[in-house]
Amino acid sequence: MAALGKGAIFLILFFLWCAYVVLGIFVFAATEGNVVHNSQERRERQNMTGLKAETMEKHNMTEAEFETLAKKIREVANSHEDYQDERRWNYIDSFWFVVVLLTTIGYGDFYPVTVIGKVVCGLYAVFGIPITILLLRFIGQQMLRGERALITAIERSCLKRNGPPCHLNEKCFVFGCLYLLILVLGGAGASMVTEEGWSYGGSIYFYVITFTTVGFGDMYPQKGRHVTIPFIFLGLTAISNILHAAAAWALVRRVTAGSDESEETTKLTESTEKGTEV
C-alpha cells in the first residue's frame, strides 16, 4: 500500500507538471508569439560600443559614416521576411522557455517583452516552480531508495555480506556524485555532437552551470535544445538525489552522536550514584 501510495503521488505530480507545461506553452505562444523577439539584441547592444570603435579605427570611418552604415544594415535586416520569422516565438520556443523558467535556470535567451506576458510569467512561475521542486524532490527520494536497495543487493550477492551495509548513506552520496559526473561528461559530449561550436571544456562548464541552476546566460544551446532538455531533468534529479543522501548522512551522524552522548551520560550518572552509595 505504501508503494502504491508513493506511485500515485508520483503520477499525480508528474501529470500535473506536464499539464502545467502544456498550459504554459500555449499561453506564452499566444502572448509572445506575435511579437518580434531578438535573443541576441541585448548582447549586440552591449557589444556595439566596442565594435563601433574597432570598425571606425580599422576602416578609418567617421562616426557619421558608421551610423549611416549601421542604419542601412538595420533596414536590410528588418525588411528580410525570413529574419523576422526567426525571431518570433513558436511552440518549441515556448516549451524551451517554460522548461528554463520552471527549473529556475533562466539563461535569458528568451524573456517576455509584452506587459501581459510579464504578468503571466510572474504568476506562472509562482505556482509552477513549487510544483517542479516537489516533483524533483520526490524523484530524488525514490532514487535514494533505489540506490540503497542496489548497494545492499550488490554487497549481499557479490561480497557475501549479511545484514544491512555499513555507511550506506555515504555510499549513496558517492554513487550520486559519480552519476552526476557521468551526466556532466555525457552532456558535454552530446553538445559536441549537436555542433554548438563549444569546446569540450566549455560544454562541461555549461552543464555545471545548468545543473546548479545558475544559468549565467553567457552560453546556451541554439541547435541542440532537444538534447539539452533531457539532460536538464536528469541533472536536476541527480542533484536532488545527492542532497537527500547528504541530508540522510548528516541525520544519521547526528542521531549516532546523540546516542553516544546519551550512553556516556548514563554511565556517568551510574558511576556517580555508586560513589554516593559508598
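**Reading a predicted chain by its definitions**

Guide: The chain has an accessible surface of about 17,200 Å², and 66% of this belongs to carbon and sulfur atoms; such areas come from the Shrake-Rupley method with a 1.4 Å probe, and for residues only the protein chains shown count as cover. What stands above is a predicted model, in which local features need pLDDT of at least 70 and side-chain atom pairs count only at pLDDT 80 or more, while totals for chains, interfaces and linings use all residues. Residues are numbered from 1 along each chain as its sequence is written, and side-chain values use heavy atoms, with hydrogens and water left out.

Visitor: What makes up the pattern of the chain, read along the sequence?
Guide: The pattern is α-α-α-α-α-α-α-α-α, with 9 helices and 0 strands. Helices here are DSSP runs of H or I with at least four residues, strands are runs of E with at least two, and both are numbered from the N terminus.

Visitor: Why is Glu155 called buried, and Lys171 partly exposed?
Guide: A residue is buried under 20% relative accessible area, exposed over 50%, and partly exposed in between, with a 1.4 Å probe and protein chains only. Glu155 has 7%, so it counts as buried, whereas Lys171 has 26% and is therefore partly exposed. Of the 278 residues of the chain, 36% count as buried.

Visitor: What makes the pair Glu155 and Lys171 a salt bridge?
Guide: The term asks for a side-chain nitrogen of Lys or Arg within 4 Å of a carboxyl oxygen of Asp or Glu. Glu155 and Lys171 meet at 2.3 Å, N to O. Glu155 lies in helix 6 (residues 115-157) and Lys171 in helix 7 (residues 168-193), so the pair ties together parts that are 16 residues apart in sequence.

Visitor: How many salt bridges are counted by this rule, and which other residues take part?
Guide: The count comes to 2 salt bridges; Arg225 and Asp93 also meet in one, at 2.7 Å, N to O. This pair links distant parts of the chain, with Arg225 in helix 9 (residues 225-277) and Asp93 in helix 5 (residues 91-102), 132 residues apart. Both Arg225 and Asp93 are buried.

Visitor: How many disulfides does a search of the whole structure find?
Guide: A disulfide needs a pair of cysteine sulfur atoms within 2.5 Å, and the search finds 0. As for cysteines, Cys18 is partly exposed at 24% relative accessibility, while Cys158 is exposed at 57%.

Visitor: What makes an empty space a cavity, and how many of 30 Å³ or more does the structure hold?
Guide: On a 1 Å grid over the protein atoms alone, a cavity is a set of points where a 1.4 Å probe fits but cannot get out, and its lining residues have an atom within 4 Å of a point. Points are joined across faces, edges and corners, and the volume is the space filled by probe spheres set on them. The structure holds 1 such cavity of 30 Å³ or more, and the largest has a volume of about 30 Å³. Its lining includes Tyr107, Ile209 and Gly215.

Visitor: Where is Gly215, and which residues is Gly215 in contact with?
Guide: Gly215 is in the loop between helix 8 (200-211) and helix 9. Contact means heavy atoms within 4.5 Å, and, leaving aside neighbours within four places in sequence, Gly215 is in contact with Ile105, Gly106, Tyr107 and Ile209.

How values were computed: On a 1 Å grid over the protein atoms alone, a cavity is a set of points where a 1.4 Å probe fits but cannot get out, and a pocket is an open set with protein on both sides within 12 Å along at least five of seven lines; lining residues have an atom within 4 Å of a point.
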